[in-house]
Amino acid sequence: MKYERTENRSAFYYSKNLLDRLLRLNVITVNEYEKILNINAEYYCCTDLIHC
């Protein structure tokens, strides 16, 4: 169980970093960024990490 949580958090951080890069490159808008980030947080059960 602990391994699964660590794996989910790692995957969430990876996706967040990719989204950050896309946002900086102006490939996506802030609105799209927030929507995708929320979807990823729910999928990986990391809603407490959204603002990290």
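Helices and strands are taken here as DSSP runs, of at least four residues for helices and at least two for strands, numbered from the N terminus. On this basis, the predicted model contains 2 helices and 0 strands. Helix α1 covers residues 2–24, and helix α2 covers residues 30–43. The chain has 52 residues, of which 27% count as buried. Its accessible surface amounts to about 4300 Å², with carbon and sulfur atoms contributing 56% of that area. Among the contacts with a sequence separation of 6 or more, 56% join residues 24 or more positions apart.

The largest nonpolar core consists of 8 residues, namely F12, L19, I28, Y33, L37, A41, C46 and L49. Both α1 and α2 supply at least two residues of this core, and the largest share, 3 residues, comes from α2. Such an arrangement may be set beside a general tendency: in soluble globular proteins, nonpolar side chains tend to be buried together. Within the core, F12 has a relative accessibility of 0% and therefore counts as buried, the limit being under 20%.

Y33, a further member of this core, lies in helix α2. Its relative accessible area is 11%, so Y33 is classed as buried. When neighbours within four places in sequence are set aside, Y33 is in contact with K16, L19, D20, L23 and I28. Two of these partners, L19 and I28, are themselves listed in the core. For L23, the separation from Y33 is 10 residues in sequence and 7.0 Å in space, taken from C-alpha to C-alpha. The contact with D20 includes a polar component, in that a polar contact of 2.6 Å joins the side chains of Y33 and D20.

D20 also takes part in a charged pairing. In general, side chains of opposite charge can pair when their charged atoms come close. In the model, D20 forms a salt bridge with K16, and the closest N and O atoms of the pair are 3.4 Å apart. The count of salt bridges comes to 1. D20 and K16 both belong to helix α1, where they are 4 residues apart, about one turn of the helix. Both residues are buried. D20 is thus joined to K16 by the salt bridge and to Y33 by the polar contact, while K16 is also among the residues that Y33 touches.

The count of aromatic pairs comes to 2. In the pair formed by F12 and Y13, the ring centres are 6.1 Å apart and the planes stand at 55°, so the pair is tilted. The two residues differ in exposure: F12 is buried at 0% relative accessibility, whereas Y13 is partly exposed, with a relative accessible area of 35%. In the pair formed by Y43 and Y44, the ring centres are 4.9 Å apart and the planes stand at 85°; because this angle is over 60 degrees, the pair is edge-to-face. Y43 counts as exposed, at 63% relative accessibility.

Y44 also has a contact with S15, a residue of helix α1. S15 has a relative accessible area of 13% and is therefore buried. Apart from neighbours within four places in sequence, S15 is in contact with N40 and Y44.

Methods. Residues are numbered from 1 along each chain as its sequence is written. This is a predicted model: local features need pLDDT of at least 70, side-chain atom pairs count only at pLDDT 80 or more; totals for chains, interfaces and linings use all residues. Side-chain values use heavy atoms; hydrogens and water are left out. Buried means under 20% relative accessible area, exposed over 50%, partly exposed in between (1.4 Å probe, protein chains only). Contact means heavy atoms within 4.5 Å. A polar contact is a pair of N or O atoms within 3.5 Å; within protein, one must be able to donate a hydrogen and the other to accept it, and residues adjacent in sequence count only if both atoms are side-chain atoms. A salt bridge is a side-chain nitrogen of Lys or Arg within 4 Å of a carboxyl oxygen of Asp or Glu. Rings of Phe, Tyr and Trp (its six-membered ring) pair if their centres lie within 6.5 Å; planes under 30 degrees apart count as stacked, over 60 as edge-to-face and the rest as tilted. Accessible areas come from the Shrake-Rupley method with a 1.4 Å probe; for residues, only the protein chains shown count as cover. A nonpolar core is a set of buried Ala, Val, Leu, Ile, Met, Phe, Trp, Tyr and Cys residues joined through side-chain atoms within 4.5 Å.
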